[in-house]
Structures are given as structure tokens and as C-alpha cells.
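Please open the model in a viewer and keep the selection panel at hand. The tour below proceeds from one selection to the next.

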Amino acid sequence: MTIQTAVVKQKVSVQNLRIGMYICQLDRSWLETPFPFQGFYIRTKNEIEEVQAFCEYVYIDSEKGITLHADSKISKPSPLLKKKKKVYRPRSARTLNFRPGHYGEKLKPIHKEFSNAHQIMMDLTRAVEQTSFNLKSGNKYDFSETKALAGQMVDSIIRNPNTMVWLTQLKKKGGYTYNHSLKSAVLASVFGRHLGLQEEELKMLASGVLLADVGKTKISSKLLNKTDDLTDEELKLMRSHVELGVELLAKDNTIDHRILTITETHHERYDGSGYPYGLVGQEIPTVGQIAGIVDTFDAMTSIKPYGKQYTPSQAMEWFYKQRDHLFSSKLVDEFIQAIGLYPSGSLVYLSDNSIGLVLSHNKAKRLKPEILLLRDSNNKVLEKPRFVDLSKKSLFSKVERPSVAGNVDPTSFQINTETLLSSFEGFSKLRKIGFA
């Protein structure tokens, strides 16, 4: 028989909160606040101010954290629910205020958003790489620029989610870790937009996913890029990036505590098989669940030092099988709706045997997106990619255009990224003056 030990609770006015305390109960329902309902450590002054904005008093766990009169400080990540494992019963994932359809279906044309999105992506890539370099080198670092640029990225995605997804899929330069963080943040923003999260929540989510793997800057490149199976000791070290990341971020008093929560829980899984705490179902904060889905999807569909690269449709098929196992069925269904079987940037073959690159995800006609045609039906590679909207008939023709038949193995067809970008820039200029 398991003996449950009582939690040693102490009632504290929010005016007396200090860094290092562990809040285990509020003076109101957890659902009325943005805080993780499992309890959490106070790690920054900003978190103290946020608790003060919602509550008059709270209860602290004097065994997990410091007491009202203690002098010591705690800067480690919070064990959100270090409990005995529960019987697994899937529950609804709807804990954020989802507002599907809030942003509407009318998008800014992709050719008008392209230049702005391209510049934001380049600036954000530079900022992420510079921050990572500073962290690795022990130099002074500042997350403010990265967060500001993440906000600009969200603004672009609100205007047209396809543009940024397409650009990140084309991005080849830079290491896997940098590209993975950027692509995952874009996917999280697109997913959050689909769910109808408020703009402030979207920017928090984007920043959190962008910084979720920051702890990997403290792990050797040799281990990060190892192609063979990891030993038990190496796996333990690799997984320590979660705690290392929270510790790095918690030193910045301007970091939103929800960003720390994303870093801390993006490797937790719905059935309790994740890490570092083995949380189950709705014990995982929704932002952590979203981060886990986009992190996994991008890892599966990217070229990396280890493991197989899956096509987007293969990855989506795998995700569907994991509903209410590794991930919430509600969130998996919404993610598939948001991203589609053939997301922007997917290399696809059409029903007439031609090959194209998906430019925009068409929710109404999923197999009829706008594409860049790269190879025609006669197996001839085009010198200049041609823009085709598969949902519209050819000019002066009553014949339907072909539809998407499936994904092309990305390793079997080489894409000249520079040619694509220059072609698109030329197309954008023509559209602006009415010639395309």
C-alpha cells in the first residue's frame, strides 16, 4: 500500500511572495488564471507581478520551495506534477480560449506578403544564431530582440500563414537545431492562428517554441549530431536540455512564465511516456502540448543527423495513429486542419505526373492548392518555375486542372532554392503592376 504524504501548505499574501517559493494553491480556480494548474516555482520578479495581478493570497508548499522566512533561493525548474502515475484517461485538450475562425479566411495575397516575410525570416534567423553563439561562448545574451522578431513573425502569419511556412521549408542554410527552432515556431503560430488564440497568446507561443531548445546550447555539438543510437548516459544528458533551458531563461526577469512552461513541458506526452516528469493528459499545459506536436512534426519532416525524414503526409498519418496516445486527439485533429496533408513548401506530384511545390494550403479544396510547377507532365524540368492555381481552370479552357496525388520523396528531386526565390520575387513584381 502506498502512503501519501500531506503537503505542507502555508498561506501567503501575494505581497510577500519571493523567488524560490512553490505555489501549490491559489485563492481562486486555476482556470481563471494563466498559471499551470499543477503548481509552479516562482522563478522571476515578472512571475511575482503576474500572480499579484490575479490573486490576493496563495498557498505555498514549504517542502518544495522556500518558506516565508527562508533566505535561500531556488532557480531550478518546477516539477509541475511530481506525483505517482495516474490511470490514463484521455480528456479534452480545450483549456485555452480557442476561437476557431477568429482571423477569418480572407488573407493578404502571398505575393504582397512575400518580401516582408522574407526579411523577417532572415532577421530572425540571424538573431537566433547570434543568441545561440553568445550562450555557447559564455558572452552576454539578451532575448529581447528574438522575442520582438517573433512578434513580427506572428503579425506576418496573421496576415497570411502560408508565406512564412513556405519560406521556412525552403531554408537550407544553418544547422538543424537553428532551423528546427525557427520552423517549429512558425508551425506553432500557424496552429495557434487556426485555433483563434489572441494575438498576445500567439506571440508568447511563438517566442516559447522558438526558445524551447535553448538548453541545447549547453550540450556538445558532437552529441547533438550523433548519428548512432545514444547510450543511456548520453540520452540522460540530451534530455537535460529541458532543465538547462529553463535555468537559462529564468535568469531573464522579462521572460513570461508561460515561455518557461513551454520549455519545461514540450517533451511531455499525453500517455505519460514523456519527460522530464511523465505528466499525463491534461496535466500537460496546453501550450506544452501544442509545442510538443509542432516540435515532433518538424523533426519528422526535416533532414537531420539522425533518423528518417518523413513526407508531411506520412507524418500526418503517423500523428493520426497517436491520437489520445502520445498526443490529444482534439489537438491532433485541429493540427491536421491547420497545416493540411500537403502544407506550404511540400513537394508533390500531380494526377498528370507533373511535380510542383505547394505555395498555399487550400482548406476548401485540399487537393487543389496554388503551386509552383517545377516539372511538367512530359517529365521536363522547367527552367523557370510556373505559378499555377489548381483550383482554377486554365484560361479559355473548360478542362479541370490536375490535383495533388501525393508527396514526392524530397531526397529524389533536387530544388534550386535561389532560382525559386528569384522567380517568386519576379512574379511578385509582375503581380504588383498587373502582368501576372
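Two strands are taken as paired if DSSP finds at least two bridges between them. By that criterion, four strands of this predicted model form an open antiparallel sheet in the order 1-4-2-3.

**The four-stranded sheet**

Select strand 1 (9-13) and strand 3 (40-41), the edge strands, each of which pairs on one side only. Next, add strand 4 (residues 57-61), which runs antiparallel to strand 1 and is joined to it by five bridges. Within this pairing, Lys9 stands opposite Asp61 of strand 4, and Gln10 stands opposite Ile60 of strand 4. Then select strand 2 (residues 22-26): three bridges join it to strand 4, again in an antiparallel arrangement. Here Leu26 is the residue opposite Val58 in strand 4.

**Aromatic side chains of strand 4**

Show the side chains of Tyr57 and Tyr59. Across the model, the count of aromatic pairs comes to 10. In the pair formed by Tyr57 and Tyr59, the ring centres are 6.0 Å apart and the planes meet at 85°, so the pair is edge-to-face; the angle required for that class is over 60 degrees. Are these two tyrosines buried, partly exposed or exposed? Tyr57 has 28% relative accessibility and counts as partly exposed; Tyr59, at 21%, also counts as partly exposed. The limit for a buried residue is under 20%. Return now to Lys9, the residue opposite Asp61: Lys9 lies over the face of Tyr59, at 5.3 Å from the ring centre.

**A second aromatic pair and its cluster**

Select Phe297 and Phe335. Their rings form an edge-to-face pair, with 5.4 Å centre to centre and 75° between the planes. Phe297 belongs to helix 11 (residues 286-301) and Phe335 to helix 13 (residues 329-339), so the pair ties together parts that are 38 residues apart in sequence. Both Phe297 and Phe335 are buried. Extend the selection to Phe191, Trp318, Phe319 and Phe327, which form one aromatic cluster together with Phe297 and Phe335. Then select Tyr320 and Arg323: the charged end of Arg323 sits over the Tyr320 ring, 4.6 Å from its centre.

**The five-stranded sheet**

Which strands make up the other open sheet, and in what order? Five strands form it in the order 8-7-6-5-9, with antiparallel pairing. Select strand 8 (381-389) and strand 9 (404-407), which stand at the edges; each has a single partner strand, so one side of each is left without a neighbour in the sheet. From one strand to the next, the twist averages 35°. Inside the sheet, select strand 6 (residues 355-360) and strand 7 (residues 370-375), an antiparallel pair joined by five bridges. Ile355 stands opposite Arg375 of strand 7.

**The whole chain**

Finally, clear the selection and display the entire protein chain, which has 14 helices and nine strands. Colour by accessibility: buried residues make up 53% of the 436 residues. The chain exposes about 20900 Å², of which carbon and sulfur atoms supply 51%. In a contact map, consider the contacts between residues at least 6 apart in sequence: 68% of them join residues at least 24 apart.

Notes:
Residues are numbered from 1 along each chain as its sequence is written. This is a predicted model: local features need pLDDT of at least 70, side-chain atom pairs count only at pLDDT 80 or more; totals for chains, interfaces and linings use all residues. Side-chain values use heavy atoms; hydrogens and water are left out. Helices (H or I, at least four residues) and strands (E, at least two) are DSSP runs, numbered from the N terminus. Buried means under 20% relative accessible area, exposed over 50%, partly exposed in between (1.4 Å probe, protein chains only). Contact means heavy atoms within 4.5 Å. Accessible areas come from the Shrake-Rupley method with a 1.4 Å probe; for residues, only the protein chains shown count as cover. Axes are lines fitted to C-alpha atoms, for helices over the stretch in contact, and angles run from 0 to 180 degrees between N-to-C directions. Rings of Phe, Tyr and Trp (its six-membered ring) pair if their centres lie within 6.5 Å; planes under 30 degrees apart count as stacked, over 60 as edge-to-face and the rest as tilted. A charge sits over a ring if NZ of Lys or CZ of Arg is within 6 Å of the ring centre and within 35 degrees of the ring normal.
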